[in-house]
Amino acid sequence: MTEAMTTAISDRPVVTIKLATTSDELMQCYMLRAAVFMGEQHCPYWEEFDGNDYTASHLMLYVDGEPAASMRVRWFASFAKLERAIILKRYRSYGLFIPFVNWARDFCRKKGYSKAYLHAQHRLWPIFERMGFKRVDDKIFHFSDHEYGAFYCDLEIDERTMPTVSTDPMVLNRPEDRLDMPGILEDSMDRGASNPHAEWTERRAN
């Protein structure tokens, strides 16, 4: 997976999807969510910003460089949970939702997760079913004034490339959405171990 998946067809806008890796990108994600969930769906602030943001990964989608959509991914032992997926109103006719969810699934798959799980609002159930998601059970539940069902899909894992404790250490140092590309720390290997730590007694004396 590359840092950004970009598509440009004739004169259509350029769409870029990436992992949010800077404080500015995280702020863009939060502002998009506030505009949609709080502004349009009237979700209370404390329910939207629920305390899970700093333990999750955040995905951003841009249209011609403009923040247009975001999604949050939380990591559990045996599955990845896709949540807080939104598209800004003026971009909803661009056909972005399915490519965004597919990018997220591929991101989870390449990190070694064999299942993606989500809570879908009732109106979106047919879309997720067409994408291969299945109902976990028949239970319907409610939060933030909307009706939901739990869905999951299986992800095809390539055991030859999925990260394990035996993976090259420098690969595991790479940015999470670019595990297939050399990272900045690999460039530093050319310098060797030229700056060893001083002994504890020496550091205390200084």
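Reader: How many of the seven residues of strand S3 are buried in this predicted model?

Author: In this predicted model, strand S3 (57–63) is mostly covered. Burial is found on both sides of the strand, since Ser57, Leu59, Leu61 and Val63 point one way while His58, Met60 and Tyr62 point the other way, and all are buried. In a regular strand, side chains alternate between the two faces of the sheet. The number of buried residues in S3 is seven of seven.

Reader: Which residue is the bridge partner of Val15 in S3?

Author: Strands S2 and S3 run antiparallel and are joined by five bridges. Val15 belongs to S2, which covers residues 15–19, and its partner in S3 is one of the buried residues that point the same way as Ser57, Leu59 and Leu61. That bridge partner is Val63.

Reader: Which residue in the hairpin of S3 and S4 takes a positive phi?

Author: S3 and S4 run antiparallel, with seven bridges joining them, and within this pairing Leu59 stands opposite Met71 in S4. The hairpin that the two strands form has two residues between the strands. The residue there with a positive phi, near 50°, is Asp64.

Reader: Is Glu83, in strand S5, buried or exposed?

Author: Glu83 is found in strand S5, which spans residues 80–87, and a polar contact of 2.8 Å joins its side chain to that of Arg74. Leaving aside neighbours within four places in sequence, Glu83 is in contact with Met71, Arg72 and Arg74. Buried means under 20% relative accessible area, and because the relative accessibility of Glu83 is 7%, this residue counts as buried.

Reader: On which residue is the kink in helix H1 centred?

Author: Helix H1 runs over residues 23–40 and reaches 25 Å from its first C-alpha to its last, close to the 26 Å expected. Its buried residues include Arg33 and Val36, and what covers the buried residues of H1 includes strands S2, S3, S4 and S5 together with helix H2. The kink, of about 25°, is centred on Ala34.

Reader: Which residue with a positive phi follows helix H3?

Author: Helix H3 has 14 residues, 97–110, and reaches 20 Å from its first C-alpha to its last, close to the 20 Å expected. Among its buried residues are Phe100, Trp103 and Phe107. Just after H1, His42 takes a positive phi of about 60°, whereas the residue that follows H3, with a positive phi near 100°, is Gly112.

How values were computed. Residues numbered from 1 in each chain as written. Predicted model: local features only at pLDDT ≥ 70, side-chain atom pairs only at ≥ 80, totals over all residues. Heavy atoms only, no water. Helix = DSSP H or I, 4+ residues; strand = E, 2+ residues; numbered from the N terminus. Buried < 20%, exposed > 50% of the residue type's maximum accessible area, 1.4 Å probe, protein only. Polar contact = N/O pair within 3.5 Å; in protein donor to acceptor, adjacent residues only side chain to side chain. Contact = heavy atoms within 4.5 Å. Expected span 1.5 Å × (residues − 1). Bend = angle between axes of the 7 residues up to and from the residue. Pairing = 2+ DSSP bridges.
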